[in-house]
Amino acid sequence: GILIRAPGYLQLSGGSLSAAGGKGGDIDSFLGGNLDPGGGGGGGRIKIFYRDTASWTVTLSTAAGSKGARRSSGSVDPAGPASGSSGTVSFGLIASSPTGPGIAAAYVASITWSWSAAPATTLFWGDASAGSRGFRVYSSTSIAPLPAPQVAADAADTEATEAGLSPNTTYFRFITAFTDWGDSRVSDVVSTHTLAGAASSATLVFSGIAQTSVTFHWAAGNPPNPDYTTYEVWRATSADFSAPARSFVIGLSSNPLGLVAETLYFFKVRARNLSGVFSAFSSTFSIATSVTAPGAPGAPSPSSLFSYDGGVNFQWSAAASPSGIKQYLLDVGTAEGANDFGTFSVSGATTSYAVTGLSNRRTYYARVRSVNFADLTSDPSPSSPGVAVFITTQEAQRDKPINWPNPFNPSQGPTQIGFSLGGPADVTLSIYTLQGDLVYERTVFVAASGNQVWSWSGNNSDDRRVAPGGYIARLRKRYGDRRETQKFKMAVIY
């Protein structure tokens, strides 16, 4: 057969194109019996697809081949060879080339290619079936026969998105219209660049901090930008970048010089692609130009020397640093200077932290370190006083009331009074001198049963400090019509 495809102009002038079948072979002689000559060959197929043509002056032939003949004596089998069948000739009008190729949008890993809308006429699409019509986008390096397209689209579409591309890379494409008769002539070549991926400060590393310079690195995005990608680095001394300085670098690092010592700088980075289009900024990050470690904070002070729910709040005095305090590191452990319970990061604007989840019947200590904006860490503060943990819900109910510490010094904190209740009750705490004079009294309705802890500061009912010496405490519990009274001794010292 013969196939001619001419997406453009086709000129056939003079001569002939033949796909005729060949004649069967003749027989000259044979030795007795029936012997058949050869059958005629079938005519082939001629297909001619074109977009434009002048009148033709060419002969097309798909004639059937005749059967062979017997040239000597003998008989030929009546059911033997026959002439071949005739072939076919068919023609098709190829679609026109798309016009107006362009770029509808470009992203980091995809490009949306576009073209002018196809006229809704058979003149554009040729005479192939409507169901076979569409568009194809090819790499501009493609040559006939065209390979699989980069992306395809329906006949009604005027754009198609090609995904899986590399960031900040140049791509060249052309577009064809295709039908059952194949692709049209290609459109003009169109090109663009994918966007550069945004720089990531999530993997930011400062490799050098000095009094007047810093060096830092960032990640190239995901998927990563090519090595030739340019990045714009912004820096300012305010987080809103009201007066930024800008610089361009190729690669994944920057080393701005000539900075002011002991100053906090803010940075953000964005990538620029080959078309000069910028990505989004990275998140803002900051660092100070400093080689001086910050001062240590004051020793943490617990909100109480006792915890009955496994929690305590530590507070400390602020540390000082010329470049400012970025954060505090609070170490909590079961020994002075230890952090076996954990280290907690606290914003530099905060000088307290509530610790929870402490274990029953353990004593905990805390110390704190400061970190300045140059990421330099101070020496640790002195340790806090120990905080004894007695979680009331985890303790057996106490038959007799008790106070601790006993004796106690009111200037060092209140004494704790532990007792238990068999149910909701009105509870009155009365404290007397050894001579029987009442100095303090408190009545509270307690809705819960089980272990309870009250405290007494060492002040009388007029909020004045009582004299040192021995005292008698009396607890009266009223459960409806039933009453219970308990007494215990305590001592106040200075």
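This passage describes strands, salt bridges and selected residues in a predicted model.

Two open sheets are described here. The first contains 3 strands, in the order S1-S3-S5, and the pairing is parallel. Strands S1 (2-10) and S5 (88-93) stand at the edges. Each has a single partner strand, so one side of each is left without a neighbour in the sheet. From one strand to the next, the twist averages 15 degrees. S1 and strand S3 (residues 45-53) run parallel and are joined by 7 bridges. Within this pairing, leucine 10 stands opposite threonine 53 in S3.

The other open sheet has 5 strands. Their order is S22-S28-S27-S24-S25, and the pairing is mixed. At the edges stand strand S22 (306-307) and strand S25 (342-347). Each of these has a single partner strand, so one side of each lacks a neighbour in the sheet. Strand S27 (residues 363-372) runs antiparallel to strand S28 (residues 387-389), and 2 bridges join them. Threonine 363 faces alanine 388 of S28 across this pairing.

Strand S23 (residues 312-315) pairs with strands S21 and S26. With strand S21 (residues 301-302), the sense is antiparallel and there are 2 bridges. Glutamine 315 in S23 is the bridge partner of serine 301. With S26, the sense is again antiparallel, over 4 bridges. Here valine 312 stands opposite valine 355 in S26.

The side chains of S23 alternate along the strand. Val312 and Phe314 point to one face and are buried. Asn313 and Gln315 point to the other face and are not buried. This follows a general pattern, as side chains in a regular strand alternate between the two faces of the sheet.

The count of salt bridges comes to 11. One of them joins arginine 367 to aspartate 331, with the closest N and O atoms 3.2 Å apart. Arginine 367 lies in strand S27, whereas aspartate 331 lies in strand S24 (residues 325-333), so the pair ties together parts that are 36 residues apart in sequence. The accessibility of the partners was also computed. Arginine 367 is partly exposed, at 21% relative accessibility. Aspartate 331 is buried, because its relative accessibility is 1% and the cut-off for burial is under 20%. The pair also belongs to a network of salt bridges that links Asp331, Arg367 and Arg369.

Loops take part in salt bridges as well. The side chains of arginine 361 and glutamate 395 meet in one such bridge, at 2.6 Å from N to O. Arginine 361 is in the loop between strand S26 (352-355) and S27. Glutamate 395 is in the loop between S28 and strand S29 (402-404). The pair therefore ties together parts that are 34 residues apart in sequence. Arginine 361 is exposed, with a relative accessible area of 58%. Glutamate 395 counts as partly exposed, at 21%.

A further salt bridge is formed by lysine 23 and aspartate 26. Their side chains meet at 2.6 Å, N to O. Lysine 23 is partly exposed, with a relative accessible area of 48%. Aspartate 26 is also partly exposed, with a value of 29%.

Two single residues were examined for their surroundings. Glutamine 486 is found in strand S35 (residues 482-492). At 12% relative accessibility, glutamine 486 counts as buried. Its side chain makes a polar contact with the side chain of lysine 477, at 2.7 Å. Neighbours within four places in sequence are left aside in listing its contacts. The contacts of glutamine 486 are then Asp399, Lys400, Pro401, Ala473, Arg474, Leu475 and Lys477.

Phenylalanine 281 occupies the loop between strand S19 (264-272) and strand S20 (285-288). This residue is partly exposed, with a relative accessible area of 28%. Phenylalanine 281 and alanine 271 are 10 residues apart along the chain, and their C-alpha atoms are separated by 7.9 Å. With neighbours within four places in sequence again left aside, phenylalanine 281 is in contact with Trp234, Lys268, Val269 and Arg270.

Terms used. Residues numbered from 1 in each chain as written. Predicted model: local features only at pLDDT ≥ 70, side-chain atom pairs only at ≥ 80, totals over all residues. Heavy atoms only, no water. Pairing = 2+ DSSP bridges. Buried < 20%, exposed > 50% of the residue type's maximum accessible area, 1.4 Å probe, protein only. Polar contact = N/O pair within 3.5 Å; in protein donor to acceptor, adjacent residues only side chain to side chain. Contact = heavy atoms within 4.5 Å. Salt bridge = Lys/Arg side-chain N within 4 Å of Asp/Glu carboxyl O. Axes fitted to C-alpha atoms, helices over the stretch in contact; angles between N-to-C directions.
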